[in-house]
Amino acid sequence: MNGFERLFPYLLAGVSVGGQYALIAIGYTMVYGILRLINFAHGDIFTVAGFFMVYMSATMPLVVSIPLTIILTVLLGFTVERVAYKPLREAPRMSIMISAIGVSYLLQNLMWYVTGGLAKQYPVLPWLSNSVTILSATTKIVTIVTPLLTVALVLLLLQLINHTKTGMAMRAVSRDFETAKLMGIKIDRVISISFIIGSFLAAAGSLLYFTNYPTVTPTVGAMPGLKAFVAAVFGGIGSIPGAVVGAFLIGISENLIKAFGYSTFSDAFTFALLIVILLVRPTGLFGEKTIDKV
Amino acid sequence: MKKTLALLLVLMLMVPFLALGEEYAGTITIGIFEPASGDNAAGGKQETLGMYYANSLVGSVELNGKNYKLEVSEVDNQTSADKAPAAAQTLVGRNVNVVLGTYGSGASMAAAPIFEAAGIPAIGASCTNPGVTLGSPLYWRICYTDDFQGDVLANFAFNDLGVKVAYTLNMLGEDYGAGLVNYFTRAFEKLGGSVVADTFPEGTSDFTAYLQNAVNANAGVIFSPSSTTYASLMLGQAKSMNLALPFVAGDTWASLVILEAVQGSDLKVYFSDFFNENDENASQVSKDFVTGFKAWLNANPQNLTNNGGKDIIAAVSALGYDAYMTAVEAIKATENGSKEQIAEALPAVSYNGVTGMIVFDENGDAKKDIAYINIADTKSLNYIFVTTTSIQ
Amino acid sequence: MNTKKRGLVIGLILLALLFAGLYILENTISSSTMLITILKKGVIYALIAVSMNLLNGFTGLFSLGQAGFMLIGAYTYAILTIPVNMRGMIYQYYDGGIVQFALPAIIGILCAGLLAAFFAFLVGLPVLRLKSDYLAIATLGFAEIIRAIIQYEGLGPLTNGSNLLRRFPTFQSVLYPFAAAAICIGAILLLINSTYGRAFKAIRDDEVAAEAMGINLFFHKQLSFVVSSFFAGIGGALLAMYQGSIQVATFKSAMTYEILLIVVIGGMGSVTGSVIASFLFVASSEWWLRFLDNEMFIGTFQVPLLRSGFRMVVFSVIIMAVVLFYRRGIMGDKEFSLTRVRNRLLNRKAGRNA
Amino acid sequence: MPEKMLELNDITMQFGGVVAVNNLSMYIGKGEIVALIGPNGAGKTTAFNCVTGVYKPSNGQVKYQGQVIVSNHPAGKMKALYAGENRDRYPHVVDPTPDKITRMGIARTFQNIRLFKTQTVFENVLIATHLHRTSNPISAAFRLNWREEQKMRELSLEMLDFVGLSAMKDELATSLPYGKQRRLEIARALATRPKLLLLDEPAAGMNPQETADLAQFIVEIKERFNLTIFLIEHHMDLVMDISERIYVIDFGKLIAHGEPHEVQDNPDVITAYLGVEDI
């Protein structure tokens with residue numbers, strides 16, 4: 001086996017994990033871009049989507065349960081914003097972040113309560129769960145599909161943001177919240193839309209993620225959520241292509257670290273990377289520089 | 001209005017008395033200290049079921065001609081070292097006379113000082129870490145320990161499977177896995193094999209990199225004592241990778257979750273166990289337990305759900321049953337079932353249990369020297385008995 | 001000046017009364033009752049919450065690294081104080097570990113604080129240059145890194161790797177944690193009311209203006225961070241003593257969140273608020289709401305929803321309600337004082353008379 | 001010519017392609033009151049921020065009492081953008097943080113009042129005395145230095161007395177009326193015991209009567225504390241009354257300077273400034 005063949009399975013896993021991080025990271029980066037809020041509950045919304053699917057597929061065929069899962073997740077994301085973030089729009093930024101932490105705490109405890117703390121098995125999606133062999137690696141089809149689907153969704157999203165009126169409003173709000181408000185942009189609507197898109201992508205991400213790793217527990221989303229956030233910061237928070245690139249980079253480097261035998265530090269590495277990035281280039285790879293006005 | 005309220009109150013206060021149909025001289029409370037939620041909830045619930053089943057059989061004892069009610073009081077410790085002390089404190093607050101549990105040695109060790117301070121004796125059912133009883137005079141244990149288990153599994157891998165290189169994988173920060181890997185490694189290296197060690201952080205979902213590491217290390221076996229939550233993920237990914245390496249693990253893998261994970265694959269999954277329901281040579285006690293417990297499970301859908309939905313008997317249920325019965329034996333040797341007297345009586349207990357003879361050594365560990373090695377059946381949800389081993 | 005002195009005297013008298021009350025309480029009821037447990041845990045949480053409040057509430061630094069510094073404190077204490085003859089048993093896989101001495105508990109606690117402070121100093125050098133949420137996420141990251149390092153197998157002879165540390169000296173009397181916490185919280189209060197504390201508050205209110213008033217931002221942030229971590233380390237050591245055994249898994253980010261929520265409930269910038277909220281938090285999560293976790297029958301009627309886990313759901317709903325509707329928490333940024341209570345009562349009376 | 005208190009040499013501040021301050025050179029003599037005026041967005045506050053260390057100028061140098069306190073040269077992307085002939089004139093980089101500059105004796109106020117909003121009037125001033133402390137955190141916490149603390153309090157009270165706010169010393173700073181908040185800001189700046197006071201639009205939002213009072217007040221504090229004053233202003237009458245010299249900038253560039261009457265008659269100023277503002 002030569003070096004590449006040896007590393008190829010790791011790279012493949014890294015790209016796949018990266019794709020899933022990317023789908024979550026977009027949710028973080030969009031919300032941060034507009035509200036300047038680290039939506040700590042985003043990872044939990046992702047997990048709840050997993051449980052929606054578990055419970056619904058038990059009674060309904062997949063054709064029904066998949067769209068229903070997505071709809072319910074979007075609804076959840078929308079509700080969380082309306083109930084927990086909207087009332088705090090004028091409050092200091094720390095308050096709204098604390099509210100996000102509170103929502104995350106609530107969602108985790110709710111999931112714990114409903115499931116009795118037991119791990120649930122995710123339903124098997126046909127075709128996606130089949131095995132496939134490419135080069136030196138054998139894996140599930142979903143591993144290959146994930147990055148492709150991610151890129152497709154991101155391109156679609158970029159089209160939306162760059163070429164529609166809603167997209168323009170979103171960009172305006174993220175550039176200057178107050179001015180956009182004065183210009184008559186319906187801020188609440190824009191924020192809701194970004195939560196809807198973020199939750200939609202989280203639901204899609206959860207479908208792919210749990211097909212790959214079919215065990216759902218109430219805390220399973222916490223780590224991918226945090227890593228996706230790191231990816232968003234890495235790529236320059238507020239920038240969608242940045243989040244995607246960051247997610248793939250983190251996914252791949254995490255798996256390479258395991259390949260080289262430092263798995264103890266694979267999570268720690270992600271955070272170390274985050275801190276280095278924040279210090280060296282606080283705005284990330286693609287972020288824009290801002291100047292505090294005095 | 002006030003009168004009605006007062007009347008209601010009086011009625012409510014009388015409810016407990018009404019419930020006492022039979023005449024009891026007193027109540028002896030047996031605390032169940034087990035996880036009902038968290039990574040180890042599945043196993044904890046099965047162990048608890050064994051205890052409840054035992055309680056359904058023996059619900060009272062006669063001491064000095066007086067009838068005492070045996071009551072169980074359960075608390076969820078989530079098998080986490082930080083929740084365990086608070087849970088243990090709850091049991092202490094309920095004035096239990098003896099404690100059974102817990103699944104997961106870490107929680108046992110964390111709670112031991114609290115039970116000890118309150119003078120409450122505790123009997124571990126399936127906690128295999130030697131540290132549970134070592135230095136804890138009031139902790140007893142009815143199963144074998146990790147050093148024995150690690151030894152057995154290393155011997156099995158080296159001699160029976162003929163493997164020279166083993167890849168070990170356990171969760172960072174979990175003492176059960178870390179302990180077992182340690183004993184396995186010592187024994188395996190002593191036999192002349194070599195070990196490649198790896199750990200995964202909590203919350204890991206993607207095990208492909210680790211499995212790939214095992215392949216790249218030219219390992220002949222993956223030794224991965226871990227909670228069933230992670231194990232099922234790991235096995236699922238091994239399945240998609242068509243991994244040919246056999247897995248070997250400790251007693252936690254004797255679970256329906258694992259059986260479900262390997263269905264329809266070619267994976268070979270071996271694990272040690274305390275008990276096997278299909279053992280032809282089992283004692284009459286065991287056979288009675290198997291039939292009785294199955295009937296009891298099937299009679300109540302809630303119990304069946306807690307057992308994972310099937311009536312396959314997990315070894316931890318058998319151990320839970322034995323732990324309860326051991327406590328009963330000790331209680332029978334007392335005058336009034338007080339915690340002090342139970343603690344005094346326990347060292348002398350000799351009880352022929354479902355999982356074998358239970359006699360304690362000076363550490364408080366049952367002298368057990370037989371481990372079952374099973375393989376998970378990939379066609380139907382069942383364990384296939386491979387061998388029993390013991391180490392001299 | 002006079003009222004201030006009188007306040008001090010009254011405060012000291014109340015403190016003495018508190019200790020006398022605790023002493024009597026402890027000697028009249030069994031030490032294993034829930035009340036004593038809650039008091040012990042509550043007062044330790046109070047110290048930790050106040051230390052976090054110093055940072056988040058008084059200096060305006062949104063740090064989420066508290067659990068990491070508690071971890072350092074707890075481990076330092078445990079490693080240094082486990083009796084030598086127990087080490088072989090506890091470091092069972094590492095031949096007794098490399099530390100072969102045991103320090104007295106009180107020195108262990110001090111070392112716990114000092115080491116946590118030292119790490120805070122190192123972490124603070126790069127991290128404190130970051131602003132608000134970036135600071136939060138970076139400190140959260142550092143706490144995770146610290147966790148990974150302590151669990152590292154290679155450090156096993158020192159930290160016992162993934163395994164429990166136990167059998168270190170603990171306390172029996174409830175007076176012990178109360179005394180320790182009272183001294184520590186007292187010290188924090190003194191600092192807050194000194195000229196340095198005023199500088200912290202200035203930074204919280206307006207960094208630019210504070211800097212223009214000659215306040216060195218970095219030095220003061222670093223000072224607050226180090227002091228906060230020192231007391232978090234001591235809190236970690238006390239928590240270890242309370243629990244009797246520790247493991248890395250205890251000190252996850254969830255713990256930081258819990259403490260942050262206590263600070264918010266009590267009121268950002270109120271020491272007494274944090275203390276009150278700690279006791280309320282611990283008592284309701286461990287005691288008052290416990291009944292929600294047990295199935296309950298009234299006659300044959302089973303009360304719906306009650307089962308394992310419901311307590312935490314109710315609890316998090318209460319917290320959300322506080323966060324959303326009582327944003328200023330119990331005390332806001334005010335301190336509890338008898339004068340204020342008296343004034344309010346008088347005002348009410350006056351209002352009724354009018 | 002009096003001794004130079006503050007000297008700006010070729011101060012330039014670029015934000016991306018925008019040049020907010022363009023090669024501004026000026027000086028303030030000891031004991032003078034000098035004003036910097038210009039229409040909205042001319043770069044006045046930016047120039048201030050370059051002096052006080054809030055911004056790091058893209059090029060140029062600031063001297064205080066003959067010593068270089070700020071110095072920078074264009075670097076990185078700025079180097080390519082910067083076209084001025086002074087590109088390589090200031091090779092050394094000196095960029096202290098704002099607090100260091102304050103400790104050198106340069107205090108400032110803010111255009112959009114920046115008081116410590118959760119603190120009382122008295123505490124706002126007290127905080128400004130912190131920079132002269134000699135106690136370390138431990139001695140401060142345990143009151144080993146109570147004499148120093150007492151002195152800080154006395155000084156703060158004195159300042160409040162002087163600006164006429166001692167009656168409301170225990171009120172929340174933000175509860176004061178606008179004009180008083182401005183005075184409080186000045187008191188706070190004075191409590192740092194400066195030699196040079198920078199006032200950023202002190203009369204913004206004031207009516208003519210208040211402005212006249214303020215003018216008198218500024219002269220008063222100058223005399224009382226032996227200060228040099230550098231102010232940015234919009235209100236022409238205030239500036240004309242009290243300044244000894246005036247600098248005028250427009251689009252970041254110096255377009256005129258001199259004594260008030262000279263500036264007043266300068267045609268460039270009239271078109272750039274007076275033509276815009278109706279005064």
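Here are legends for a few close-up views of a predicted model.

**View 1. Chain C as a whole, a chain with 15 helices and four strands.** Start with the overall dimensions: chain C has a radius of gyration of 22 Å, close to the 20 Å that the globule rule gives for 354 residues, so chain C is as compact as a globular protein of that length. If you're setting up a box around it, the C-alpha trace spans about 80 × 70 × 40 Å along its principal axes. Buried residues account for 55% of the 354 in this chain. As for how the chain folds back on itself, take the contacts with a separation of 6 or more: 81% of them link residues 24 or more positions apart.

**View 2. Zooming in on helix α3 of chain C, residues 66-81.** Is this helix covered or out in the open? Mostly covered: 16 of its 16 residues come out as buried. Its 16 residues reach 23 Å from the first C-alpha to the last, and that's close to the 22 Å you'd expect at 1.5 Å a residue.

**View 3. Strand β3 of chain B and its two partners.** On one side of the pairing list we have strand β1 (residues 26-34) of chain B, which runs parallel to β3 (residues 66-76) of chain B over nine bridges. To find your place in this pair, look for I30(B), which sits opposite V72(B) in β3(B). Then there's strand β2 (residues 60-63) of chain B, paired with β3(B) in the antiparallel sense over four bridges. Here the marker is S60(B), opposite K69(B) in β3(B).

**View 4. The turn between β2 and β3 of chain B.** These two strands make a hairpin, with two residues between them. Keep an eye on N64(B) if you check backbone torsions: this turn residue has a positive phi of about 50°.

**View 5. Where chain C meets chain D.** How many residues does each chain bring to the contact? Chain C has 23 residues in contact with 29 residues of chain D. On the chain C side, the elements giving two or more residues are α8 (175-192), α9 (195-205), α10 (207-212) and α11 (217-243). Of the elements of chain C, α9(C) gives the most to this side, with seven residues. Sorted by class, the side of chain C that touches chain D has 13 nonpolar, four polar and six charged residues.

How values were computed: Residues are numbered from 1 along each chain as its sequence is written. Chains are lettered from A and ligands numbered from 1 in the order in which they are written. This is a predicted model: local features need pLDDT of at least 70, side-chain atom pairs count only at pLDDT 80 or more; totals for chains, interfaces and linings use all residues. The radius of gyration is taken over C-alpha atoms; the globule rule is 2.2 Å times the number of residues to the power 0.38. A residue is buried if 20 or more other C-beta atoms lie within 10 Å of its own, exposed if 12 or fewer, and partly exposed in between; C-beta atoms are placed from the backbone. Two residues are in contact if their C-beta atoms, placed from the backbone, lie within 7 Å. The expected span of a helix is 1.5 Å times one less than its number of residues. Two strands pair if DSSP finds at least two bridges between them. Ala, Val, Leu, Ile, Met, Phe, Trp, Tyr, Cys and Pro count as nonpolar, Asp, Glu, Lys and Arg as charged, and the others, Gly among them, as polar.
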